[in-house]
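Please open the structure in your viewer and keep the selection tool at hand. The tour below suggests what to select at each stop and then says what is found there.

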Amino acid sequence: MFKYLKQLTSLVAMVAVLFTFTTESMAAKKSKTLKNTQKKGFVRCGVSQGLPGFSNADAAGNWTGVDVDVCRAVAAAVLGDANKVKFTPLSAKERFTALTSGEIDILSRNTTWTLSRDADIGLTFVGVNFYDGQGFMVRKSSGITSTSQFKNGISACTNIGTTTELNMRDFFNSRGISYEPVAFEKADEVVAAYDAGRCDTYTTDKSGLAAQRTKMKNPDEHIVLPETISKEPLGPVVRQGDSVWEDIVRWSLNTMIEAEEYGITSANADMMKTSDNPQIKRLVGAEGEMGAAFGLDNEWNLRIIKQVGNYGESYKRNIADTGILPDRGPNELWTKGGILYVPPSR
Amino acid sequence: MTVVAVVLVFGFFTYNAQVNMENRGIDFGYGFLSQESSFDVQFSLIEYDGSHSYFRAYLVGLLNTILVSVIGIFLATILGVLVGIARLSPNYLINKFAAFYVEFFRNIPLLLQIFFWYFAALRALPLPQDAEAMFGISFLTIKGLFVPAFIWENFNIFFYSIVAAIVAIIVIRAHAKKVQETQGKQTPVLLISIGLIFILPLLSFLIGGVRLSFEVPVLKQLATTSFIYEGGVSLPPELIALALSLSLYTATFIAECVRAGIQGVGKGQKEAAASIGLTQNQVLKLVVMPQALRIIIPPTTNQYLNLTKNSSLAAAIAYPDLVLVFAGTALMQTGKAIEIVSITMFTYLSLSISISLFMNWYNNKIAITEK
């Protein structure tokens, strides 16, 4: 009798533990993510394992990059402090599982927006913070200056679990070139193998190539070929099923881009409150009730601009000034010949 | 009681996963296996490219895992037995060298060893255009090992001649055993076997019309400083590095099993065998080894299982094994995490159980039969 009682208690305890887990996951309705984030006091953000200009940690563990700034903007909006972010470095392979399983709440990791990712695997893309395309890097000494010089038998190093692998196949197949794909799990190993001479070419997004080139033993020995073989709109991703959180992340990014459009910077944001332009006033929380729909106060967007800066400041600080891609190319505002165009905050 | 608890726990996990997946709009199902995979794999034993299905990609990964495990087990066993015997050698140098090897390699984490053999050894290899030919026909380069391919004519006749030789050897062995048991006469089975395995295939060349020629790899220029070998068979450096590190690592453990097994046979056994007039070879073959094997096999089985499971570290150096191809790329492209991880786990489980079953069968076969 006593023996059974003991077993019964342990069973009851086990079930009780399990049910506390259930109730938590059942509460995953409405904006659980916002509530949880405010309760925890930090935004849980998934980033890359080190891609200069996008998400890269310095020796002291401080993360910088345009992808990092998206998470910082959300932290500024919902917590009032852009530094209240917990960054989780993820490989290409781990990133979506980390997001769907709830380990992180925003994935801001140079991730390409595609139909199957958006529709199939429980993810929602909220926008584009960098327009990119896949390219190839080769050694200067190879004499290759264009992808049209690629020949049968070429070996190409890349990452697994990326759109790169699929684009590469489409590219070589459509040209009838046989190739050897050498796919690694981590970017650092791809670079090391390519640098050692294992592969004739290294292929990934062009921004990635430009950033990784700075990590090579001798960056001047390598060139990025001019051709772009795919469209790679990179942007932040959230879990499907929490539309309020999705809106918060989307509009945090939009605020940064629109602020640049209206000339609002981290330095002049406070002064803009007295601007004559109602659109500017809305962007700095001086007019309208722009935060109410998210369950936020009215100065959420002002905090983003003050603490993180507008998109142009972020780009300049992380990508242009570091020498990765000084020319903004398509990532320029639509008013200045680029394709950055966001819906209005009103 | 325990069963109920286990069922409850599993039921809860399944239910919880279902609820969460429904909330996030993720479908569950294995239908994706028949869809087109649309990614290529570097190295495959069966015909495969991106136009094949995910299931085919799974097979490619599985076969690559089996390939590297088989090569690894084969090399580790040979090396392990040699080193194990060397550790018992009266020769000081051999003995200490073997001991050093064992202590060195088994105390460094395997992943580090894999990285070492891949990145350090890889950088030391020449580029294809600088490679010296080995035996004039093979090239070891940073892009892999290039060896000649065999081109057979009438291969089936050659194949049948080998089968015939093996059948003949089995028959002769059985006959020799009977002769020894009834008349006490010994037949030189080994010599006859070696003769048969050489003579029959040789005959197939002489009178069976079998021809063998080689396709030697030829250097081809891709760009000013970029070369590759074409023709022949190429083994990727990832496979070589992985097989090498797995077997060097596991051989240390097997060596210790072998040493323990031989030392576990009582000295009295050898002396008794010698006293009834058996030669040194017969003592080893008939008395020591059968008893030592009984000690060696069970722990060695564990090492074989470890090697097979450790082969999943392949993902770190781009060898397209089951984990890299299926639980890596395929998982990413489909997003079917639960399905793919469950299949992968089940596959490793089946592989391990098959190895265990085979080794248990072998162990039973050599166990003492009580009369």
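## Two crossing helices

In this predicted model, begin with helices H9 and H11 of chain A, where H9(A) passes H11(A) in a right-handed crossing. Select residues 243-261 for H9(A) and residues 300-307 for H11(A), and you will find that their axes come within 10 Å and cross at roughly 60 degrees. To see the side chains involved, pick A:Ser252, A:Thr255, A:Met256 and A:Ala259 in H9(A), which meet A:Asn301, A:Ile304 and A:Ile305 in H11(A). By class, this contact has 4 nonpolar and 3 polar residues, with no charged residues.

## The buried face of H12

Keep H9(A) displayed and add helix H12 of chain A, residues 311-320, whose buried residues are A:Tyr311, A:Gly312, A:Ser314, A:Tyr315, A:Asn318 and A:Ile319. If you turn the view to look down the axis of H12(A), these buried residues fall within an arc of 155 degrees, so they line one face of the helix. What do the buried residues of H12(A) pack against? Their partners, all in chain A, are strand E3 (63-64), helix H3 (66-79) and helix H9, the helix from the previous stop.

## The mixed sheet of chain A

Next, select the strands of an open sheet in chain A, where 5 strands follow the order E10-E9-E11-E8-E12 and the pairing is mixed. E10 and E12 (222-224) stand at the edges, each with a single partner strand, so one side of each is left without a neighbour in the sheet. From one strand to the next, the twist averages 25 degrees.

Within this sheet, E9(A) and E11(A), the latter covering residues 201-205, pair in the parallel sense over 2 bridges. A useful pair to label is A:Cys157 and A:Tyr202, since A:Tyr202 in E11(A) is the bridge partner of A:Cys157.

Now add two helices to the view. H6(A) lies across E8 (134-139), E9, E10 and E11 of chain A, running at about 155 degrees to E9(A), while H7(A) lies across E9, E10 and E11 of chain A, also running at about 155 degrees to E9(A).

## Where the chains touch

Show both chains together and select their contact, which takes 48 residues from chain A and 40 residues from chain B. On the side of chain A, the elements that give two or more residues include helix H6 (163-174), helix H7 (187-196), strand E9 (154-159) and strand E10 (179-184), together with helices H1 (2-26) and H4 (95-100). Which of these elements gives the most? That is H1(A), with 9 residues. By class, the side of chain A that touches chain B has 20 nonpolar, 16 polar and 12 charged residues.

## Across to chain B

Finally, show chain B as a whole, which has 11 helices and 8 strands, and whose C-alpha atoms fill a box of roughly 80 × 70 × 45 Å along the principal axes. Of the 371 residues in chain B, 31% are buried.

For a last selection, pick the open sheet of 4 strands in chain B, ordered E1-E2-E3-E8 with antiparallel pairing. Strands E1 (133-134) and E8 (233-235) of chain B stand at the edges, each with a single partner strand, so one side of each is left without a neighbour in the sheet. E3(B), residues 144-147, pairs with E8(B) in the antiparallel sense over 3 bridges, and here you can label B:Val147, which stands opposite B:Val233 in E8(B).

Technical notes: Residues numbered from 1 in each chain as written. Chains lettered and ligands numbered in written order. Buried ≥ 20, exposed ≤ 12 C-beta atoms within 10 Å, placed from the backbone. Arc of directions from axis to C-beta. Contact = placed C-beta atoms within 7 Å. Nonpolar A, V, L, I, M, F, W, Y, C, P; charged D, E, K, R; others polar. Axes fitted to C-alpha atoms, helices over the stretch in contact; angles between N-to-C directions. Left-handed = near helix turned anticlockwise from the far one by under 90°. Pairing = 2+ DSSP bridges.
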